[in-house]
Amino acid sequence: IKKIGVLTSGGDSPGMNAGIRAVVRTCAFHNIECVGIVQGYQGMIRGEFIPMDARSVKGIINKGGTILKTARSKDFRTPEGRKKAYDNLKKEGVDALVVIGGDGSFTGAMVFSSEFDMPVMGIPGTIDNDIFGTTHTLGYDTALNTVVEVIDKIRDTASSHDRLFFIEVMGRDVGHIALNVGVAGGAEEILIPEENLGLDRLLESLHRSKNSGKSSSIVIVAEGDKIGKNVFELKDYVDEHMSEYEVRVSVLGHMQRGGSPSCFDRVLASRMGVKAVESLLEGKSNYMVGLLNDVMSLTPLDQAIKGQSKINLELLRVSDIMTT
Ligand code: F6P
């Protein structure tokens with residue numbers, strides 16, 4: 001391998017820049033060339049490459065977002081798009097790829113490397129943490145800290161006005177963020193995509209909390225929660241069935257994806273970048289690097305995306321006990 005291409009794809013997450021920096025500097029350390037591919041697979045199809053040396057990634061370890069930009073590419077889902085992308089890589093002399101992204105990006109990488117002779121290595125970058133083969137994806141820890149900080153602020157208003165707040169957090173398919181910030185933020189209930197706790201239980205628990213002397217409450221709702229109602233519908237439901245609370249809704253949205261990465265995410269990104277490049281140099285392909293028991297490990301890409309990333313159900317019980 002003489003030249004590695006690095007790209008970020010899918011939703012951005014804090015730590016992606018630190019990951020790019022790690023890939024570029026590991027390439028420099030091993031005296032191989034590195035190019036950045038702009039806007040993920042879209043830039044590969046357009047042939048937009050930027051040569052990157054060790055100094056080109058200075059001052060980015062602390063920056064959120066991704067300097068390479070990112071996209072969810074529709075064109076890369078077509079054989080024609082992938083063929084164009086491959087031709088551009090060959091023209092540029094790229095002979096291996098590091099893809100920083102989530103499950104959609106890994107699916108693209110897998111299809112691509114099965115069609116063409118192009119070794120690929122994945123670095124999991126998404127705030128959702130919905131990838132198997134790593135306890136943490138890049139950006140997850142930062143997002144948790146961002147959300148907890150906001151919950152603390154909303155709690156000030158909740159307790160000053162004796163209000164009930166439904167706070168929607170990201171997590172289309174998994175409840176990792178909701179569960180953890182729920183416990184850390186002292187939520188009364190946590191609604192997640194994996195379990196349907198039911199509306200009856202929600203009302204019951206809100207009644208119980210009121211009767212136990214609590215004057216304000218916070219309920220964390222994951223975007224894709226299984227109860228099947230969004231935060232605004234939940235507010236209407238509670239308004240209809242309980243008069244004890246003044247209810248407000250807060251949808252946190254994309255602020256959860258931004259900001260300077262935490263120390264944990266910066267270190268994780270640095271370790272993952274080194275592991276990804278060195279694994280390619282050892283002749284490995286079609287793996288994702290991950291953190292398991294504090295050791296860098298490799299998981300085949302198809303398992304990383306197909307294998308279920310399981311939430312820790314113990315946290316639901318801990319949350320129940322904490323709301324006593
Ligand atoms: O996958 C990361 C994520 O932030 C999800 O939690 C969320 O559902 C989705 O991306 C939002 O995507 P977009 O920024 O494309 O609207």
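Val-24 is buried in this predicted model, because 25 other C-beta atoms lie within 10 Å, and the cut-off for calling a residue buried is 20 or more. Val-24 is found in helix 1. Not counting residues up to four places away in sequence, Val-24 touches Val-6, Cys-34, Met-52, Ala-54, Ser-56 and Val-57.

Val-24 is also among the positions that UniProt lists under "binding site", in an unreviewed entry. The record names Arg-21, Ala-22, Val-23 and Arg-25 as well, together with Arg-155, Gly-186, Ala-187, Glu-188, Lys-214, Ser-215 and Ser-216. These positions are spread over 196 residues of sequence, and in space they reach up to 53.3 Å between C-alpha atoms. Gly-186, another of the listed positions, lies in the loop between helix 6 (176-184) and strand 7 (189-191). Gly-186 counts as partly exposed because it has 15 C-beta neighbours inside 10 Å.

Here are the two listed positions side by side.

| Residue | Location | C-beta atoms within 10 Å | Burial |
|---|---|---|---|
| Val-24 | helix 1 | 25 neighbours | buried |
| Gly-186 | loop between helix 6 and strand 7 | 15 neighbours | partly exposed |

Now to the interior. In soluble globular proteins, nonpolar side chains tend to be buried together. The largest nonpolar core here has 52 residues, and Val-6, Val-23, Val-98 and Ala-276 have the most contacts inside it. Helix 1 (residues 16-29) supplies the largest share of this core, with 7 residues. Val-23 is in contact with Val-6, Cys-34, Val-98, Gly-273, Ala-276 and Val-277, leaving aside its neighbours within four places in sequence. Another core lies apart from that one; it has 35 residues, including Leu-144, Ala-158, Ile-167 and Ile-220.

What surrounds the ligand? The shell consists of Gly-11, Gly-102, Thr-126, Ile-127, Asp-128, Met-170, Gly-171, Arg-172, Glu-223 and Arg-257. By character, the shell residues divide into 4 charged, 4 polar and 2 nonpolar.

One more feature to look for is a hairpin. Strand 10 (residues 287-292) pairs with strand 11 (residues 295-300) in the antiparallel sense, over 6 bridges. Tyr-287 has Pro-300 of strand 11 as its bridge partner. Between the two strands of this hairpin there are 2 residues, and Asn-293 takes a positive phi near 50°.

Technical notes
Residues numbered from 1 in each chain as written. Predicted model: local features only at pLDDT ≥ 70, side-chain atom pairs only at ≥ 80, totals over all residues. Near = placed C-beta within 6 Å. Nonpolar A, V, L, I, M, F, W, Y, C, P; charged D, E, K, R; others polar. Core = buried A, V, L, I, M, F, W, Y, C linked by C-beta atoms within 7 Å. Buried ≥ 20, exposed ≤ 12 C-beta atoms within 10 Å, placed from the backbone. Helix = DSSP H or I, 4+ residues; strand = E, 2+ residues; numbered from the N terminus. Contact = placed C-beta atoms within 7 Å. Pairing = 2+ DSSP bridges. UniProt positions renumbered as here; feature names shortened; annotations may be inferred.
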